[in-house]
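Visitor: Could you take me through one part of this structure up close? I'd like to hear about the charged side chains and who pairs with whom, and then whatever helps me place them.

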Amino acid sequence: MGKFPQSFEVYGFTIEVHAGGRRVWPPSFKRFVKDKLDSGELAVGDVMRACNVSQSLVYKWRSDVRRAGTRRTSRREERVFSEVVVEDQEHPGGVGADTDADQIYVHFRDVDLTLPSAYPVDHLVKIILAVEARA
């Protein structure tokens, strides 16, 4: 075996050590440290001693985890918009006409759809997203 161990354990995590001595801190370990620091269960000094790292590296881990969480959230919350125009048209039969005959007309660049008025909105949204993704 060389000068450096292949791995070691800290806070129940296995930390790999490369041949040159570089330690590889897994993202799950960094999240654990951030959560423990945020909750007050660990202090920065505790982490510095247990991991034999600098204060700036502990703060970098905390920052990296926050940044990674922000990126995931922004992707998840990405919004997609489609224009929906509702035209108010008189019923041919006037007052008392059969309202069950109402329909939803959806026009895209090259697709026209006619759906019953009771068609579920969430299904309509799926159709719009599918057609717009194809465009």
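Guide: Let's start with Lys34, Asp38, Arg62 and Arg66, which are linked in a network of salt bridges. Keep in mind that this is a predicted model. The basic idea is simple: side chains of opposite charge can pair when their charged atoms come close.

Zoom in on one link of that network. Aspartate 38 pairs with arginine 66 in a salt bridge, and their closest N and O atoms are 3.4 Å apart. Aspartate 38 belongs to helix H1 (residues 27-39) while arginine 66 belongs to helix H3 (residues 55-76), so this pair ties together parts that are 28 residues apart in sequence. How buried or exposed are these two partners? Aspartate 38 counts as partly exposed because its relative accessibility is 38%. Arginine 66 has a relative accessibility of 44%, so it counts as partly exposed too.

Now stay in helix H3 for another pair. Arginine 67 forms a salt bridge with aspartate 64, with 2.6 Å between the closest N and O atoms. Both residues lie in H3, three residues apart, which is about one turn of the helix. Here the surroundings are mixed: arginine 67 is partly exposed, at a relative accessible area of 42%, whereas aspartate 64 is buried, at 17%. Why does aspartate 64 count as buried? Because its 17% relative accessible area falls under the 20% cut-off for that word.

There is one more pair to look at, glutamate 41 and lysine 36. Their side chains meet in a salt bridge with an N to O distance of 2.8 Å. Glutamate 41 is exposed, since its relative accessibility is 53%, and the cut-off for exposed is over 50%. Lysine 36, on the other hand, has a relative accessible area of 21%, so it is partly exposed. How many salt bridges are there by this rule? The count comes to seven.

With the charged pairs covered, have a look at the strands. In general, strands of a sheet pair through backbone hydrogen bonds, either parallel or antiparallel. In this model, three strands make an open sheet in the order E1-E2-E3, with antiparallel pairing. Strand E1 (7-10) and strand E3 (23-24) stand at the edges with a single partner strand each, so one side of each has no neighbour in the sheet. E1 is joined to strand E2 (residues 13-17) by four bridges, and phenylalanine 8 stands opposite isoleucine 15 in E2.

Further along, strand E4 (residues 103-107) pairs with strand E5 (residues 112-116) in the antiparallel sense, over five bridges. A hairpin of four residues joins E4 to E5. Which residue in E5 is the bridge partner of histidine 107? That would be aspartate 112.

Let's finish on valine 106, which has its place in strand E4. With a relative accessible area of 12%, valine 106 is buried. Setting aside neighbours within four places in sequence, valine 106 is in contact with Val111, Asp112, Leu113, Leu115 and Leu124. For the last of those, leucine 124, the C-alpha atom is 9.4 Å from that of valine 106, and the two residues are 18 residues apart along the chain.

Definitions and conventions: Residues are numbered from 1 along each chain as its sequence is written. This is a predicted model: local features need pLDDT of at least 70, side-chain atom pairs count only at pLDDT 80 or more; totals for chains, interfaces and linings use all residues. Side-chain values use heavy atoms; hydrogens and water are left out. A salt bridge is a side-chain nitrogen of Lys or Arg within 4 Å of a carboxyl oxygen of Asp or Glu. Buried means under 20% relative accessible area, exposed over 50%, partly exposed in between (1.4 Å probe, protein chains only). Helices (H or I, at least four residues) and strands (E, at least two) are DSSP runs, numbered from the N terminus. Two strands pair if DSSP finds at least two bridges between them. Contact means heavy atoms within 4.5 Å.
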